[in-house]
Amino acid sequence: MAAPNFSRRQDHAKLWHRIQQLGQCTKFPVSLIRNFSIIAHIDHGKSTLADRLLELTGTIQKGKGQPQYLDKLQVERERGITVKAQTATMFYDLKNEDDGSSEQYLLNLIDTPGHVDFSYEVSRSLAACQGVLLVVDATQGIQAQTVANFYLAFEANLTIIPVINKIDQATADPERVKAQLKTMFDLEPEDALLTSAKTGQGLSEVLPAVIKRIPPPTGRCHLPLRMLILDSYFDEYRGVICNGAVVDGSIKKGDRIASVATGQTYDVLDTGILHPELTSTGMLQTGQVGYLIAGLKATQEARVGDTMHHANVSVEALPGFKPAKHMVFAGIYPADGSDFEALAQAMERLTCNDASVSATKETSAALGIGFRCGFLGLLHMDVFHQRLEQEFGAQVIATAPTVPYIFEFQDGSCSKLNVQNPALLPSQPAQKIVSAMEPVVVATIITPSEHVGALITLCSDRRGEQLEFSYIDSQRALLKYRLPLREVVVDFYSVLKSITSGYASFDYDDDGYQEADLVKVDVLLNGQAVDALSTIVHQAKSVRTGREIVDKLKKVLDRQMFEVTIQAAVGSKVIARESISALRKNVLAKCYGGDVTRKRKLLDKQKEGKKRMKRFGSVDIPQEAFHDLLKQ
């Protein structure tokens, strides 16, 4: 007789226990619910810590599945960064040390991105939480985005639990990090948890600390339903799926609900928790975070920050979120003009999932019809571009990134023009420009002390103004500069990393506008302006910028049957020029001798023909050339 399969019985027992948990998850009182986020600088171990917590609570099986389980996008796996905040519901039994009894808690964990370009995801996640785990790398200490995320949580009045991660590393120095937490944030050293998400050391203390230190949600069960929409995405089979937090009341399958923003009503087709995949429970109660499927067909109906409530019941809308502040703009066009409709559908669905992107239609003489998009930064733009290609198969061309400017004209009323696309600014305006304003940011740089001199030089070269310079400890310094945003979005981050061998961290916040001497640089091919290559720069850097564009364009353009003149101009003044010589036939091949006047006559005839071709011919810039140029 075969031996009994105990492992299979254990698996069935675990599965039956899980089913019982899910059946009971709608009956958790608010006092047994905790909602918390994990926030940190990029690469400090947030996603690995989230994996260990999911394994600790039995939400996922240890050793099975992919590392960084909550990083589900292909772009996240390829780049090794978190782009989208992800939610997971866990069940945890907390033992009472006095009598040995245990009580089960429902914990909603939100893993957040760490890069400054995705801070909007972090701020949205914090709206559903009452506390955060502030993770700091024991080897690197406090970094720039650690500071930014701390103040996001502090301003939201959330409980902050410091977690010092990677204590198993040979270069870890937890005591130094504790001193930094006290100096920078006034967090008590004894409150910090020492962990290693890689080895599991110290993880048993994390969830008990979450339950004991973070308060339960403040909503009330007896009030009418108010559900805050945190995120949404489009599913081919189920339509728009919304993730949200139930602030007051409860929602169940079959309810008739309405949107405060649009006024439209829907029937709840399904609702449940993310455990960590979509797991139907049929009901969500006060304090719980989960998903909602209500037959929304159009992505415009699922507005992030909207309040859902029961139909025919009036409620006060929840505060929602501040609109995203777009720092970088770029045009996105289909590589093939006939693919515009497919691109428009892809843009609609992707902007549903990424609410921080703005998109408006625009037309370019060189690239055809496309979209002018606003992003939170260069990495955000790059990731959005990559997601369009990977998730929707869209082949697109992205124009060079630019920042929004404000120009004031002297036309009697001193009208102002907001310029997000340089092509819309007249090269020789009818009215005189009274003033030009460019966006500025306050940049925070944390660096090893030996690189301070090089970074001060870098910031000065980028027209920066020093605001603060201090030492965090004997090894690290903090610099604050006011910098023009355009100087930041070009290549500032890569140069900073190169100077400091990758050890410096960088973060920035919007600081309004400042007056500057700005000019528009036009690119002309045989005297015809190419609107897609226009740019706005500071007067002092116009010649260098024009020279760089002209040199790049010469490399990517094909030779024609006539000479092609490439020029960069500010107004009517040409500041840089290159020529691409014409392809020409060897008309002297048949001349084996004879008088030189015969050869000269043939050359002059060819020369006249080239002049005539240049007069009537036009230079067609292929899409591949644009793609190569804008990638450089």
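**Exercise 1. The open sheet**

Task: In this predicted model, find the order of the eight strands in the open sheet and state how they pair.

Solution:
- Step 1. Reading across the open sheet, the order is β11-β10-β16-β7-β8-β15-β12-β13.
- Step 2. The pairing in this sheet is antiparallel.
- Step 3. The edges are held by β11 (265-267) and β13 (278-280). Each has a single partner strand, so one side of each lacks a neighbour in the sheet.
- Step 4. On average, and with direction ignored, neighbouring strands of the sheet are turned by 40° against each other.

**Exercise 2. A strand pair and the helix on it**

Task: How many bridges join β7 to β8, and which of the two strands does α8 touch?

Solution:
- Step 1. Strand β7 covers residues 226-235 and strand β8 covers residues 239-248. Nine bridges join these antiparallel strands.
- Step 2. One bridge pairs D231 with N243 of β8.
- Step 3. Helix α8 packs on the sheet and touches both β7 and β8. The direction of α8 makes about 145° with that of β7.

**Exercise 3. Two helices in contact**

Task: Describe how α8 and α9 cross, and list the residues that make the contact.

Solution:
- Step 1. Helix α8 spans residues 340-353 and helix α9 spans residues 378-392. Their axes come within 11 Å and cross at roughly 115°.
- Step 2. The crossing of α8 past α9 is right-handed.
- Step 3. From α8, the contact uses L343, A346, M347, R349, L350, T351 and N353. From α9, F384, R387, L388, E391 and F392 take part.
- Step 4. Sorted by type, the contact residues are seven nonpolar, two polar and three charged.

**Exercise 4. Strand β5 and its partners**

Task: Is strand β5 largely enclosed or open, and in which sense does it pair with β4 and with β6?

Solution:
- Step 1. Strand β5 consists of residues 159-165. Six of these seven residues are buried, so β5 is largely enclosed by the rest of the structure.
- Step 2. Strand β4 (residues 131-137) runs parallel to β5, and seven bridges join the two. In one of them, V136 has I164 of β5 as its partner.
- Step 3. Between β4 and β5 the chain passes through helix α5 (residues 144-155), and this β-α-β crossover is right-handed.
- Step 4. Strand β6 (residues 193-194) also pairs with β5 in the parallel sense, over two bridges. There, V163 is bridged to L193 of β6.
- Step 5. With helix α6 (residues 174-185), β5 and β6 make a right-handed β-α-β unit.

Key:
Residues numbered from 1 in each chain as written. Predicted model: local features only at pLDDT ≥ 70, side-chain atom pairs only at ≥ 80, totals over all residues. Heavy atoms only, no water. Buried < 20%, exposed > 50% of the residue type's maximum accessible area, 1.4 Å probe, protein only. Helix = DSSP H or I, 4+ residues; strand = E, 2+ residues; numbered from the N terminus. Pairing = 2+ DSSP bridges. Right-handed = clockwise from strand over helix to strand, strands pointing away. Axes fitted to C-alpha atoms, helices over the stretch in contact; angles between N-to-C directions. Left-handed = near helix turned anticlockwise from the far one by under 90°. Contact = heavy atoms within 4.5 Å. Nonpolar A, V, L, I, M, F, W, Y, C, P; charged D, E, K, R; others polar.
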